[in-house]
Structure formats: C-alpha cells, structure tokens
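Q: Hey, please walk me through this one. I'm new to reading structures, so start with the vocabulary.

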Amino acid sequence: MSVNLDMNVLIQNVFNALSLGGLYALIAVGYTMVYGILRLINFAHGDIFMMGTYFAFYAITLLFLPWWLGFLCAICLTGLLGYSIEKIAYRPLRNAPRISSLITAIGMSFFLESFAVVVFGGIPKSFNVYPKIFSQVIIMGKTRIPILTFITIIVTALLFLFLWWLLYKTKTGLAMRAISVDIPTTSLMGANVNKVISVTFIVGSAFAAVAGILWAMKYPQVQPYMGFTPGLKAFIAAVIGGIGSIQGAIVGGFLLGFLEIMIVGFLPSLAGYRDAFAYVTLVVILMFRPTGIFKIYSEQKV
Amino acid sequence: MKKLSFKVNLILTIVFLIGIYFFLANSNIFGDYWSRIITLIAIYGIMAVSYTLVNGITGIFSLGQAGFIAIGAYTSALLTLSIQQKEMSFFIQPLIWPLNSIQMGFLPATIIGGVVSAFFAFLIGYPSLRLTGDYFAIATLAFAEIIRIVIQNAYGITNGTLGLKGISSYTTVWWAWGWLLVTVLVIGSLKFSSYGRALRAMSEDPVAARVMGINVFWHQMMAFIVSGFFAGVSGSLYAHWITTLDPRPTSLGVMLTFYVLIMIVIGGLGSISGAIIGAIFFAFVSQWLRIFESNVNFFGLAIPGVPGMSMLILSVIFIVVMIFWRKGLMGKSELSWQSIYALFKKGIGDENV
Amino acid sequence: MKMSENILSLDKVTMKFGGLTAVDDFSMFIDKGELVGLIGPNGAGKTTIFNVITGVYKPTFGRIFFKGIDITGLKPHLINQIGIARTFQNIRLFSDMTVLENIMVGQHSYLTNRKALNFLHKQDTKKYPKASWKPWLFSAIFKTPDYMKMESIMRKNAFDLLGKVGLQKYADLKASALPYGQQRKLEIARALATNPTLLLLDEPAAGMNPQESQELLESIRKIMEDFSLAILLIEHDMKFVMNICERIYVLDYGKLISRGSPEAVQNDKKVIEAYLGDKIYV
C-alpha cells in the first residue's frame, strides 16, 4: 500500500472533496428536510436527482434551449416532479404505519428508474450540453483545478445561503421548522401543513436537480441508475449529520466527500472499495451514535 | 363448519402434492422454457418466504436479502465448479486455497451455502438489530451493498467483476420445488409454534413483548438467521439455474431485494402462502410483460418493443397495491383448505341465488 | 439483611431524562402478599417508576431489589422471567392475535427462561437450581413429542387462566374485538400467564364506570389470593385506592410527599394540596 503525500495533490484533493461533499450535501438536504417533517426516508430522492439531469439533457438537446435556460427549466420541472410524487404516492399514506410509506418510497424509486429506462433508454448518454469553458482547467503552479469544481463550490454555497434565508427569514420556513417538531400542534396554530410539505418537496427536489446537473457535468454522462449510489451516500451523509437536522446534512455531506476523496487519494490501492467507505461509515455511526452528530430526536416515550 | 386441525390440513396438502407429483412425473407437458419458469417460481418462492419471515412475521424491515442470496449463490457455485473450470476462469488472480481444490455435489454445496449465509446473517444482525425501524432498514441495505462491493473486488475469491461462469445447471424443477417444500414446512412450523406467537407479538408491540418475558433481540436474531439460511439456499438454487454470476447492482444487488419485496408486498406481508402467490405472480407477470419489450407484429403493423416496460408496469402495480390495498392478497393469514372450501362454497351459493 | 423479607424494595431511586427529573430519590418496599397503592396527580412520575422497576428504563441513581436480589439495570425480559409482571396504562394487547394467543405469548418465556434461571442460581445456589437446557427452537420446528406436550399444557393453562377472569367464551376472538373492560381483564390475565410473584397494575380502573370498577376490584382481590401475589397498583381514582390498598405512597413532581395507611394519607395536608383542583379528587 503506497501512501501518496504531495502538497499539490493535497490541494487538488481538497478542492475535489469540497465539490463532491457539496454535491452530497445538496442531495442530503432533501432527504433530511423530508425526514424531519414526515419521518419518511424518501428513497426516490436519488432518482429525482437522476430525473433532473435527464430533464436538463432533453431541454437542451430536444428543445434547443440555451444551456442556462435549459438548466433552469430542468430545476423547475424537477421541483414539480417532487411535488407530484408527494401528492400522488406519499400523501395517501401519511397516516399509515411508517413502514408502509417507506415501502411506497422504495416502489417510487423503482418506478422512476424503470420510467427512465423506458422513456430515455437504458444506454448511458453523454452529457455534453454545457459550455465548454466549464471543463477548462485553471493551473495554479502545479495544481490543476477544473473551473467546474469552482462553480460547484460557489453554487453550493449560494444555495445554502438561500436555504438559510428560506428557513429563518420567511414565514414558510418558520412553519417548516415548527412542523418538524410537531405536526398536529402546528396545524392547530393555523399553518397549512399540506402546503408546507409541498414546499419542502419542491425545494428538496430542486436542490437535487442542481446537484444532478453539476454531477452530470462532472462525470459527463447520464443513465437511469445514476441516482442510486449518490442518493444512498447522500442519505448516509444525512444520517451521519443527524437526520432531520439541516446543518447536520451539510456537515455530513462534506465529511463524506472528504473521507472518500482523501482515502482514495492517499491509499489508491483501496480505490475499488471506494463506494464501501460510505456504507462502513454509516454502520459505524449507527452502532455508536445512532442519532448522528447533531442529535435531534430523543428516545421514544414508553 | 368445524375448524380443520393442523394435521388434517397437513395430510390434505401432502395428498395434493403427491397428486401433483404423479401428474407431472407421467406427463411431459412442459417444454424446456416452461420448466425453467416453473423452477424459477420455486426459487423466487424460497426467497420470498424467507424474506417474509423477517419483514412480515417478525416485523423488522430488512433490505439486505440480496446480500444473503449473493453469499449463498457464490459459496455454493464455488463449491460445485469443477477444478479445471476454476483454473480457467480465474485469470486475473488465482483462486485461493482451499476453494481451488474442492469440488462437491449440489446438495452439500447448497446446504453449506445456506449455513454460510446464516452465519453472515448472525454477523450482520448482531449490530444491526440494536437499531429500530428505518435505521435497521438502512443498515441492512448498507451491509448488502458492502457484501456486493467486496464480491466485486475480491478477485481471489469471487473472480471480481469477471464473475463466475460455467456453473452446472443442476437446479431442476424437483430440486427447486423440493427445497421450497422444506422452506415452507420449516418456516410454517415456526410461524405456528410458540416462537411464531412470540414473533408476531413482537412485531405488534416490542415493548409489551419485552415485559412479557420475551427476549426480543434474540428472537429477531433467530428469525434473521433462519431467513438467512433459506436465502442462501435460494441463492444456491439461483446460481445453478442461471449458471453465471456477476456482482452488478442489477443482478445480485439491491434490485433483487426490490423484486422480492414486490413479491411479498403483493402477497401480503407476513403470509407464507401469500409470499408464494406473490412469487408466482411476479414470475408470470414479468415473463408475460416481456411481450412489451420485443417487437410485435400487430395486424401487419410493426410495434417496436420497449425495453424495461415490464418493470415499469410492475412498479406501478406495486405502488397501487401499497396505496389502495396495503394488506396485499392474503394479509397476514394463510391459504388453507378451509378457505378454499369456503370460497368454493360461496361461489356455488351465489350461483344458486 | 432486612431486604430479603420484602418482595420488592426501591432504594433511593432517581430517574432523570436530560434536565428533567421524573423521579427524585424515591424509596419504597412491598411485603409478601401485600397490596400497595401508588398515587399522585398526572405527571407525578408513577408510570416512570413502573418502567424503572420492569427494566424499561435504567435508573440514573439508586438500586432496586426483588426478593433480596439486586435487579437494577437488568433487561426487561429477565425481570419478567424472575417474577415481575405488569400491565399498561394505555392497554397494550397484541390486538391482531386472538385472546388465547395473547395469553400463550405470556407463557412463551417458559421455553426460553434459562438465562433468568441461571441468574437466580448465581445469586443463591441453594435456593434456585441450575437450569437445564433443551433445544426448544428445534423441538418447535420439528414438532417433537415433548414440544407438542408443552404446547398442549400451555393451551390448557391458558384456558384455565381465561376461565378465572371469565374470558373463556372469547378465546378465539381477536383481542381488539373485546370490549374495553374485558381488554383490561385480558391484559391482567396475560401478565398472570408469565407466572409472576409481583404484579404491577397501571391504572386498571381507568375509563371504567363505578360498577365496572367495583367488579374489577373484586376480581383483583380474588386473583391476589388465588395466585398468592403481591400487587403494586397505580391509580388516579382515589376512592378505588382507598377501598383496596393496605398502604399507599403518594408522589408529586417525582417526590414522595406522603405514605402510610389510606386514612393517614387521606388526611395529609400535603396530599390535599397536591390534588387540589384535580377533578378526580372529590
């Protein structure tokens, strides 16, 4: 096992980890917001992420929209998709046992994947619909960092600022935070629970779409099962941070990004096991601190 | 009508099975294609019945079934492959000792596959069963993925991404249905015993079960291990049915868990006969829906096939069942001669009216 | 030690949840064959004490002795197998199972109580014999003769038990189909099926009309004699407690505010203050 230590490589890895972690965090926020409110693991979230990339791909190649408009359309459409999924599949089961809604979410994930195979085709498509300048590389001394990495980091930061504004400066955000504590009481206080849940799904799905587009530009291809692994890892990030906590999801996302990049960066012989790190981390976290870093829920009362 | 006893039910079932045996043994009505499908039904049946023991009867929600199936499949395939075949396939890295010098029969290999799976069920269950609800589901999913990734990378044991090829197709209709019978007898006997009552009680209210003196953790573990054993057996049968194994997510990965989940949800979580009905349904429907995936000539009009259509339709059925018919076909109850008789009687009664 | 005379004793038990102290420095004892009441206004920490005794919660401080054996921090199923059974304030039957099956679940631990027997054996080798081991799980799967015998004994015992609480005619009904009052009785019968020496009843008369609670009172007295039990009873309804209990502990905000005979407690100024404004105290 050779350990690779070099300052330039380290800087490069830090940037890679920041961008990968940011993407995980963007997806994880969607998981954690839904879980915080409905106590539901939205298994389909990774596939919503995948649908976002397809929407962007077809908006640009089929409708000939300029790239920025295509991306914007895709983000809006994905938000709408998240809204419809909640309304069609999850709302009828809101008072059912929690396992039933979990099973439905798994079914939804399965549905979106098969839908993508049928409608978009199972063969990976090259996602070369973004301006070429994004893939250029900035050279600083010996370090080479793609512009896309910077864009990813900046976009992620801006979206988190937006999320902070939404949660802490708007009435909807207040209602969201209140509902995550107690649905019945909040609805008694006059908040429209359905509306707030819809907003949660729209925002979470739109974030997933942004993450999806950035992801597709980074590994320039799209395919129907591309959402599974990032989705599961982002979920793990949310659990590591303490599911239900938005700060937790962000911290967990970056933690996971760093862990993955750094282990592969410094121990290249473990590259084949790259995907397993997240799962092992999850298992370890669940064993020793099941509530994650930011503990939100206390023990159930007997 | 008086309730039929367990014995009467058992005798009727055995008579029924013997009848079917003579019917099948003396006729050759199935072509090769159909006999393969019928074998697959039994394999799916074992997967579903073992899964429903955990997810339905015990009431803990595992998503790790595919991991145990994969362990059983790889273990038994490595044991039955001929030594020359192993030397031929493992060209990136030779197979480790002692697997490279062993070859054994199908039955011992299947049993060992089941035992190894059961052992992994214990290893995975021990930490995971301390978690509850969604957390348990995710932990088992993570473990199943870890198993798959290790299989994908351990070239010296599993041949990694190259997979195993040339596995003898030992799994006949008789092997598969024989093992299904064993599975149903064991898990059915467990369900209708004092242990089964304890499992059902735990699934309803673990806290109340605990203060009734039931060690919830070890009972869940017991169910998990028994389920793991039969999942391993089904994996072995599957390996010797499909004859090639590879660790892609769509073959022995999380997709397989979803398929089995579809079966038990449609059949009714917690019902053994429901699980088998679900398996039959899944096997037939996924075969039948293949017509959407091949080109069809409809009155001179060529309709191109759409790949993936069968899974799309199945997933829609799955979601509709969950939303409108959460109990599935059987709920938690079992198909018995009594219920068939009642159905039959009701049908005649309706005709008379 | 004096402890051994009591069937149960709590020694300075404190239970904290985060910053909240649900039970504060609480001590009590129950003698053999005694019926003791535990009363107090809502949220006084009565149910928490039950949860601490039955091992659902581990106390923050303090020790719990059962028949002179320290059972603090033992797992709930072991505590039950050693001899403490309970009911719940909000009935927690296995509602999808039949009435008979509910009772038989209570008997399941006869097959699996080896660890509890060995725990007792370790405490007192003379009094408690070492447990013998039998592979009951395999016997159950393969339906061996000794398992079938055990099963029929369990079934018969369960029927007898149902007869004692007058639920025999409902044996094959689903537990959720029983009327409310009968469900309470079934829960008590299920607790009795675990063969306890101490029974904890959490508000058994809640939601009953005076006639029903009178009936319940009589059947509790009968059960106590038939099974030679000690009973600890939580109750909100003061009259019910005054009629039945020999001694009473009064809790308020997790603290013991009074104890003694029903008359003494009834006239205690602190008790009256604690209950002031509480509708049930008339």
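A: Sure. Strands (E, at least two residues) and helices (H or I, at least four) are DSSP runs, numbered from the N terminus. Two strands pair if DSSP finds at least two bridges between them.

Q: Okay. What kind of model is it, and how is stuff numbered?

A: It's a predicted model: local features need pLDDT of at least 70, side-chain atom pairs count only at pLDDT 80 or more, and totals for chains, interfaces and linings use all residues. Residues are numbered from 1 along each chain as its sequence is written, chains are lettered from A and ligands numbered from 1 in the order in which they are written, and side-chain values use heavy atoms, without hydrogens and water.

Q: Cool. What do E9(C) and E10(C) form?

A: A hairpin, with two residues between the strands. One turn residue, Tyr253(C), has a positive phi of about 45 degrees. E9(C) and E10(C) pair over five bridges in the antiparallel sense, and Tyr249(C) sits opposite Arg259(C) of E10(C).

Q: And which sheet has E9 and E10 of chain C in it?

A: An open one with six strands, in the order E6-E7-E8-E3-E9-E10 (chain C). Its pairing is mixed. The edges are strand E6 (84–86) and strand E10 (255–260) of chain C, each pairing on one side only. From one strand to the next, the twist averages 20 degrees; angles like that run from 0 to 180 degrees between N-to-C directions, with axes as lines fitted to C-alpha atoms (for helices, over the stretch in contact).

Q: Does "mixed" refer to how strands pair up? What are the options, parallel or antiparallel?

A: Strands of a sheet pair through backbone hydrogen bonds, and they can do it either way, parallel or antiparallel. Here the hairpin strands E9(C) and E10(C) are antiparallel. Strand E3 (residues 35–39) of chain C, though, runs parallel to E9(C), joined by four bridges, and Leu38(C) has Tyr249(C) as its bridge partner.

Q: How many bridges does E3(C) share with E8(C)?

A: Four, and those two run parallel as well. Val36(C) is across from Leu232(C) of E8(C). Then strand E7 (residues 198–202) and strand E8 (residues 230–234) of chain C also pair in the parallel sense, over five bridges. There, Leu199(C) is partnered with Ile231(C).

Q: Any helix on that sheet? Which strands does H8 of chain C touch?

A: Helix H8 (residues 180–193) of chain C packs on the sheet and touches E6 and E7 of chain C; contact means heavy atoms within 4.5 Å. The helix direction makes about 155 degrees with that of E7(C).

Q: Are the residues of E8(C) buried or exposed?

A: Buried, five of the five, so E8(C) is largely enclosed by the rest of the structure. Buried means under 20% relative accessible area, exposed means over 50%, and partly exposed is in between (1.4 Å probe, protein chains only). Ala230(C), Leu232(C) and Ile234(C) point one way, and Ile231(C) and Leu233(C) point the other way.

Q: Why do they split up like that?

A: In a regular strand, the side chains alternate between the two faces of the sheet.

Q: What about strand E9 of chain C, how many of its residues are buried?

A: Six of its six, so to speak the whole of 247–252. One side has Arg247(C), Tyr249(C) and Leu251(C), while the other has Ile248(C), Val250(C) and Asp252(C). Both faces are covered.

Q: New topic. What's the order of the four-strand sheet in chain C?

A: E2-E1-E4-E5, an open sheet with antiparallel pairing. Strand E2 (20–31) and strand E5 (69–70) of chain C are the edge strands, pairing on one side only. Strand E1 (residues 6–17) and strand E4 (residues 61–66) of chain C run antiparallel and are joined by five bridges. Thr14(C) stands across from Phe61(C) there.

Q: Which strands does H1 of chain C lie across?

A: Helix H1 (residues 46–53) lies across E1, E2 and E4 of chain C, at about 115 degrees to E1(C).

Q: Last one, over in chain B. Where is Thr110(B)?

A: In helix H5 (residues 106–128) of chain B. Thr110(B) is buried, with a relative accessible area of 0%. Apart from neighbours within four places in sequence, Thr110(B) is in contact with Ser76(B), Trp179(B), Val233(B) and Ser236(B).
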